[in-house]
Amino acid sequence: MATSVRRTTLTLPAAPLGPDNPLPALRAGHDPHHIELGPDTRLPADMARQLGYAPLRSILPTRMRDGYGRARRSTDVEALVLENDRLRATVLPGLGGRVYSLHHKPTGRELLYRNPVLQPAAFALNGAWFSGGIEWNIGATGHTTLTCAPLHAARLPAPDGGEMLRLWEWERLRDLPFQVDLWLPDGSDFLHVGVRIRNPHPHTVPVYWWSNTAVPEDEGTRVLAPADEAWHFGYAHTLRRVPVPDSEGADRSYPLRSEYPADYFYDVPEGARGWITSLGADGRGLVQTSTGTLRCRKLFLWGAGRAGRRWQQWLTAPGTGGYAEIQAGLARTQLEHVPLDAGGEFAWLEAYGPLETDAAAVHGADWAAARGEVAARLEAVLPRADVEAAYAAWRPYADHEPKESLATGSGWGALEVARAGLDLPGTPFEAATLGAEQEPWLTLLTTGDLPAAPPAPGPALVAPAWRELLESAAPGPATDYHLGLAQWHAGDRAQAVRSWERALAQGAGCLPLYCLAVAESVAGEPARAADRYAQACAVAARSASDEGPRARAWQEVLPALAREAVPALLAADRTAEAAQLLAGLRQTAPADGRFALLTAQVLLAQGQPAAAREIFDAGFEIAALREGDEVLGDTWYAIAEQLVAAGGPVTEDVRATARATHPLPERYDYRMRPA
């Protein structure tokens, strides 16, 4: 049978995403992937250039997605199924186009790690992310902001005459359109994926892409790639070249032979065929290969340590087997961004399918022989020449206009098409997709001015072209507030502060106060930042108590604002105000472990470590705990130190005793590096 594409519905236990954070995301945020290069670190020239190229200053114009919890309920999820006589691929267009399942019919095997639940966790650049399947990461170092967002999807003819599924969207961090075309050639055991990223702008743009595949993991799982060395990144923020597979006394190609989470970016020789595979003890598993543009391969492992196990339990359901990730990307590491020239594009073809090998050969001590076994088996079932031919056959189809829509993404691409008159064959961003979020910006585009209402929580646009339009618009509270966001995003912080001060003087209220608080904090002025935060909370509280539909939006602002204001007040030694702010939220704030942690931190600052410890002993969860964030362990040990010190100074002996007598409970242990 040739490929068919059809709709279906999956019913899964899922935690609702909840509302986006209503505050603008001004900070770059906690970055678990930054590296600290020592004077003796030697890097290839292209890697050195790309490591420092165009890092994000913030995740503007997107917003944080941190409104979810951990209460899951049975939920219907729209899915699209591609199927031939050999494979069945299930795709979730409303959740970043994730390939949720890849089922091999002849053997009855699931080739991917298929998560039995949809549980958001704070791993994406903007927060909400979930594990499992194949995900398409574009934007900047980390999981894409589109992880839990809908993509456009359509059915159209495939190169072999069957049907193809196209996914496409406008990526807002870098303002780039991209597409992912999926099809299953007749009789093929391999899912074909054509990817294209285009730069429609008159300037060079930084690009990031990694295709991440979650694969089942047990003691017998081995990951192989065509390399003898890899760049190792651990959450101690170091990057170093290590031999493959043996490093520091263990064979790291077996994910469970490491204790802590780590990345291994394989140094695939130039010109070599790119592939990566995860094989079980029986020599069977999944293989991924591609054309040469997608040059690099990577293994991410959670490791066998307590924190890695805890994270896996956090991301899925109790009793579920673990997983590792095998990945493929444009650059040597995920810490780099690659320049794409004006008017240029990156395009390639990937293939995913089953691989059967001789188990004794791939699990033998000879790494070269194991790699050779995989390479030979892959060449037998999917020759490299066939992948190149499939890519060449797909290229003309990349521009074909989709005829039958299957899902709708955002209206941001349509807004950019309206602004710049872009012609993007194959990825139509129709005016019909423009919605309420784009409406004020469409007004700015067509009239030269934003609507006159004061700024409200909601989307922003910060790209240079939109900044120019804001600079030309009539001054006003909303215009000056949004102009400040664009200036901040561009690194022009002094101008941003002046714009927010103007907006504040015109009665813009809470939002510019919040922005000024962040600016004072970043500038190292904790006392002034605390003043601004306190003022912003007072204004938000008044707005939340008003009558009318706008009050609801401000009721969501106040808890988000308090989560930042309390630490700022503590940093300024205004502990009583922090306690009062938390007390005022108890009746209105949602059940959220973040407030339990803040309460413990306030009690600690008040010299009440026993009361703070009671909160930990009672138990709480922070659904939006960020990847690599060590705040739970840090707070636990700070409480323990005060308990041991009993009012005296906290010395090194006190710290050592505190760690020995008050070990961090497993439920709070998310440390991704040695303590």
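**Close-up views of a predicted model**

Tryptophan 394 is buried, its relative accessible area being 0%. The model shown in this and the following views is predicted.

**View 1. Tryptophan 394 and its ring partner in helix α5.** Across the whole structure, a search returns 25 aromatic pairs. One of these joins tyrosine 391 to tryptophan 394 in a tilted arrangement, with the ring centres 6.0 Å apart and an angle of 45° between the planes. Both residues belong to helix α5, which covers residues 384-394. Because they lie three residues apart in this helix, about one helical turn separates them. With a relative accessible area of 0%, tryptophan 394 falls under the 20% limit and therefore counts as buried.

**View 2. A cluster of aromatic rings.** Ring pairs connect Tyr113, Phe123, Trp129, Phe300, Trp302, Trp311, Trp314, Tyr323 and Tyr670 into a cluster. Tryptophan is represented in this cluster by Trp129, Trp302, Trp311 and Trp314. Phenylalanine contributes Phe123 and Phe300, while tyrosine contributes Tyr113, Tyr323 and Tyr670.

**View 3. Leucine 335 in the loop between β24 and β25.** Leucine 335 is located in the loop that runs between β24 (322-329) and β25 (338-340). Its relative accessible area is 8%, so this loop residue is classed as buried. Apart from neighbours within four places in sequence, leucine 335 makes contact with His33, Ile35, Gln50, Leu51, Thr141, Phe233 and Leu239. For histidine 33, the separation along the chain is 302 residues, whereas the C-alpha atoms of the two residues are 7.1 Å apart.

**View 4. The protein chain as the setting of the close-ups.** The secondary structure of the chain consists of 18 helices and 27 strands. Its C-alpha trace extends about 70 × 65 × 50 Å along the principal axes. The radius of gyration is 26 Å, which agrees with the value near 26 Å for a compact globule of 675 residues. Of these 675 residues, 57% are buried. Among contacts with a separation of 6 or more, 72% involve residues 24 or more positions apart.

**View 5. Surface and charge of the protein chain.** The accessible surface amounts to about 25,600 Å², and carbon and sulfur atoms account for 51% of this area. The chain carries 63 positive and 81 negative charges, and the mean positions of the two sets lie 2 Å apart.

Key
Residues are numbered from 1 along each chain as its sequence is written. This is a predicted model: local features need pLDDT of at least 70, side-chain atom pairs count only at pLDDT 80 or more; totals for chains, interfaces and linings use all residues. Side-chain values use heavy atoms; hydrogens and water are left out. Helices (H or I, at least four residues) and strands (E, at least two) are DSSP runs, numbered from the N terminus. The radius of gyration is taken over C-alpha atoms; the globule rule is 2.2 Å times the number of residues to the power 0.38. Buried means under 20% relative accessible area, exposed over 50%, partly exposed in between (1.4 Å probe, protein chains only). Contact means heavy atoms within 4.5 Å. Accessible areas come from the Shrake-Rupley method with a 1.4 Å probe; for residues, only the protein chains shown count as cover. Lys and Arg count as positive and Asp and Glu as negative; His and the chain ends are not counted. The place of a charge is taken as NZ of Lys, CZ of Arg, CG of Asp or CD of Glu. Rings of Phe, Tyr and Trp (its six-membered ring) pair if their centres lie within 6.5 Å; planes under 30 degrees apart count as stacked, over 60 as edge-to-face and the rest as tilted.
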